[in-house]
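Here are a few notes to read alongside the model. I have kept them in the order I would look at things on screen.

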Amino acid sequence: VNIFSPNYLKILDSSICVDQQVNNISLNLFSNDAIRAIQFDINFPNGFVLDNSNVTGSTLLDGFEITSSSIGGNSYRFIIYSVSNSNIQAGDNTILNLPISVESSVDSGSYIFNISNVTLSNIDNQNIASEVLEIGTLTVFQDCTAPVIALTGDSTVTIELGATYTDEGATATDESGN
């Protein structure tokens, strides 16, 4: 009998706009066991830029150290550990907020970040990382500016009961001027 206890990392499904400053993308830890330390690599697709100096941990990581560094190309290694007896309880919880921007060269569509070399150490310092059961996607949009809608007539209209009303209309323009 094989017993399978899923313990893995995943990016939460998110949407992001091209050329926006920074979007915090959530990285979740799904675990059935308490975790004391985590190590993993993330390869970001071309055109996705991680603001590595502003990666933040959730409150679940109070008492933990977080380090991240470039390992070449658009890949980063993350190490999360505790020198005390702190651990992350089982659950499906956000552990990191990744500040990411997208360059204008990136096409609209869905993207997957490759998370690899995952080590999830339990309270006995054993690697309990398992196969990934869910993979999150990041959906990129080129145009995220809402259209501008302007009333043609007055915003408040008084009409006598039973009278005919003709709406004066509105105009709408989007970023492209249409």
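A residue is called buried here if its relative accessible area is under 20%. Please keep in mind that this is a predicted model.

1. Let's begin with strand β1, residues 7-11. Five of its five residues are buried, so the strand is largely enclosed by the rest of the structure. The side chains are split between two directions: N7, L9 and I11 point one way, while Y8 and K10 point the other way. In a regular strand, side chains alternate between the two faces of the sheet. Both sets in β1 are buried, K10 and N7 included.

2. Which strand pairs with β1? The partner is β3, residues 23-31, and the two run in the antiparallel sense over five bridges. To find your place in this pairing, look for L9, which stands opposite L29 in β3.

3. Now for the aromatic residues. The structure holds six aromatic pairs. One of them joins F44 and Y76 in an edge-to-face arrangement, with 5.9 Å from centre to centre and 70 degrees between the planes. F44 sits in the loop between β4 (35-43) and β5 (48-50), whereas Y76 belongs to strand β8 (residues 75-81), so this pair ties together parts that are 32 residues apart in sequence.

4. Are the two partners buried or exposed? F44 has a relative accessibility of 1% and counts as buried. Y76 is buried too, at 12%. Both values fall under the 20% cut-off, which is why the two residues get that label. The pair also has company: F44, F48, Y76, Y111 and F113 are linked by ring pairs into a cluster.

5. A polar detail is worth a look as well. D41 is placed in strand β4, and its relative accessible area of 5% makes D41 buried. What does the side chain of D41 make a polar contact with? The contact is with the side chain of R77, at 2.7 Å.

6. Last, turn to the surface. I112, V132 and I135 make a nonpolar patch of about 280 Å². V132 is found in the loop between β11 (114-122) and β12 (138-141). With a relative accessible area of 41%, V132 is partly exposed. That label applies because 41% lies between the cut-offs of 20% for buried and 50% for exposed.

How values were computed:
Residues numbered from 1 in each chain as written. Predicted model: local features only at pLDDT ≥ 70, side-chain atom pairs only at ≥ 80, totals over all residues. Heavy atoms only, no water. Phe/Tyr/Trp six-rings, centres within 6.5 Å; stacked < 30°, edge-to-face > 60°. Helix = DSSP H or I, 4+ residues; strand = E, 2+ residues; numbered from the N terminus. Buried < 20%, exposed > 50% of the residue type's maximum accessible area, 1.4 Å probe, protein only. Pairing = 2+ DSSP bridges. Patch = residues over 30% accessible without salt bridge, like charges linked within 9 Å, V, L, I, M, F, W, Y side chains within 5 Å. Areas by Shrake-Rupley, 256 points an atom, 1.4 Å probe, with all protein chains shown as cover. Salt bridge = Lys/Arg side-chain N within 4 Å of Asp/Glu carboxyl O. Polar contact = N/O pair within 3.5 Å; in protein donor to acceptor, adjacent residues only side chain to side chain.
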